[in-house]
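Please examine the model below, beginning with its open space and then turning to its ligand.

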Amino acid sequence: MQLRVPGPTPCPPRVLDAMTRQMINHRGKEFAEILQSTTGLLQQFFNTKNDVYVLTASGTGGMEAAVVNTLSPGDPVLAVTTGYFGERLANMAGIYGAQVTRLDFPWGHPADPDAVSQALQNDPGIKAVLMVHNETSTGVTNPLPQLCQVVKEFDKLLVVDGISSMGSLEFKVDEWGIDVAITASQKGWMAPPGLAMISFSPRAWEAHACATMPRFYWDLALAKRFLNKGQTPFTPAVSTLYAMLAALELMAEEGQQGIIDRHQRVADATRKGVKVLGLSLLPPEEFASNTVSAVLVPQGLDTKQLQRLMAQQDVILSGGQGALEGRIFRIGHLGWVTEEDVQIVLKALESVLPRAGFVRTA
Ligand SMILES: *Cc1c(COP(=O)(O)O)cnc(C)c1O
């Protein structure tokens, strides 16, 4: 089976085995060791000295934690959106009462650092900037180092959804000055769904001290207090944590650069193979993501039918989200994935495409 959706991703056997372990007391010494090892390895992969908190939630819970721990109702924030998940972050901040200015880029295109700079210049009152690194819905990786540099020039609090990039693509929390970075276990981390991971900088703590958005489950002050004694405030997803630690140990064996390079090779092979089949990608090549490929649906191709026929070949692909439904299909290639996996996907695509209505013209 090739589960090639951009999360949940397949888990290696060692990760699945770890999940079969018996429960332990989450207020005990053994749990403290697991939590501390996990957060230590996460700090390495986040490239940060900031605390990293493990929350029992999907990625969206981590996004909500980022918002409510740093902002107050009425705070002016700039939400940079390039797709479905950028919109989610913007909407969420608005629902909690932030005064959201949106800087929208067309879906399939990256955020432009100069435009962000202009937006910050136009509105000096902006307190924080919210953005998505890797827009999973469009297969675009935004130029994060350049975007971070602009936000830092204007000295704003920076919140980045790195849910589908962290652990797979280069991501340097401290060097790039990211105050809050969010990711989730089921994306590039080769673990099952259930955990959101979030780093919080000293500057984010300053923001926390005067942030008045309501929070209880997401209050990172509680998470901090409990982490100091090797615990989480509430009952954690113990089995998922076992899995997460096993996955991080595997990742540490491969090494951060090795993982980044593998994602590059796998993505290159995917993009090349897609083109050979006569298809093209939604994003411009230089911003095409190394974790998910968004393939344009040509005239005549029925994506639902394509997904059905691919599933019969044991290959599971994603469709488009929101405005891109029916206009793209997506191949996830993050986490536990090799070039051989991608070749299987491409071979299946080749055999299935004609039956899904695709007539090659060139
Ligand atoms: C998957 C994803 C999310 C949402 O995560 P859930 O775990 O489904 O809540 C948010 N942002 C990005 C960029 C994602 O890829």
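How do the residues of the lining of the largest pocket divide into nonpolar, polar and charged? In this predicted model, that lining comprises 8 nonpolar, 7 polar and 3 charged residues.

The space within the largest pocket amounts to about 320 Å³. Its lining is formed by 18 residues, and those closest to the centre of the pocket are His 133, Thr 141, Leu 169, Glu 170 and Asn 290. Two helices, H6 (144–153) and H11 (256–276), are the elements that give two or more residues to this lining.

The surroundings of the ligand may be read in a similar way. The ligand is surrounded by 14 residues, of which Ser 58, Thr 60, Thr 136, Asp 161 and Lys 187 are the closest. By class, this shell has 4 nonpolar, 7 polar and 3 charged residues. At least two residues of the shell come from each of helix H3 (59–70) and helix H4 (84–95); H3 gives the most, with 3 residues.

Individual atom pairs add detail to this picture. Thr 136 places a polar side-chain atom 2.4 Å from an oxygen atom of the ligand. For Gln 186, an N or O atom in the side chain is 2.7 Å from an oxygen atom of the ligand. In the case of Asp 161, the partner is a nitrogen atom of the ligand, which lies 2.6 Å from a polar atom of the side chain. On its own, the ligand has 380 Å² of accessible area, and the protein covers 89% of that area.

Methods:
Residues numbered from 1 in each chain as written. Predicted model: local features only at pLDDT ≥ 70, side-chain atom pairs only at ≥ 80, totals over all residues. Heavy atoms only, no water. Near = heavy atom within 4 Å. Polar contact = N/O pair within 3.5 Å; in protein donor to acceptor, adjacent residues only side chain to side chain. Areas by Shrake-Rupley, 256 points an atom, 1.4 Å probe, with all protein chains shown as cover. Helix = DSSP H or I, 4+ residues; strand = E, 2+ residues; numbered from the N terminus. Nonpolar A, V, L, I, M, F, W, Y, C, P; charged D, E, K, R; others polar. 1 Å grid on protein atoms, 1.4 Å probe; cavity = no way out; pocket = protein on both sides within 12 Å on 5 of 7 lines; lining within 4 Å. Points joined across faces, edges and corners; volume = space filled by probe spheres on them.
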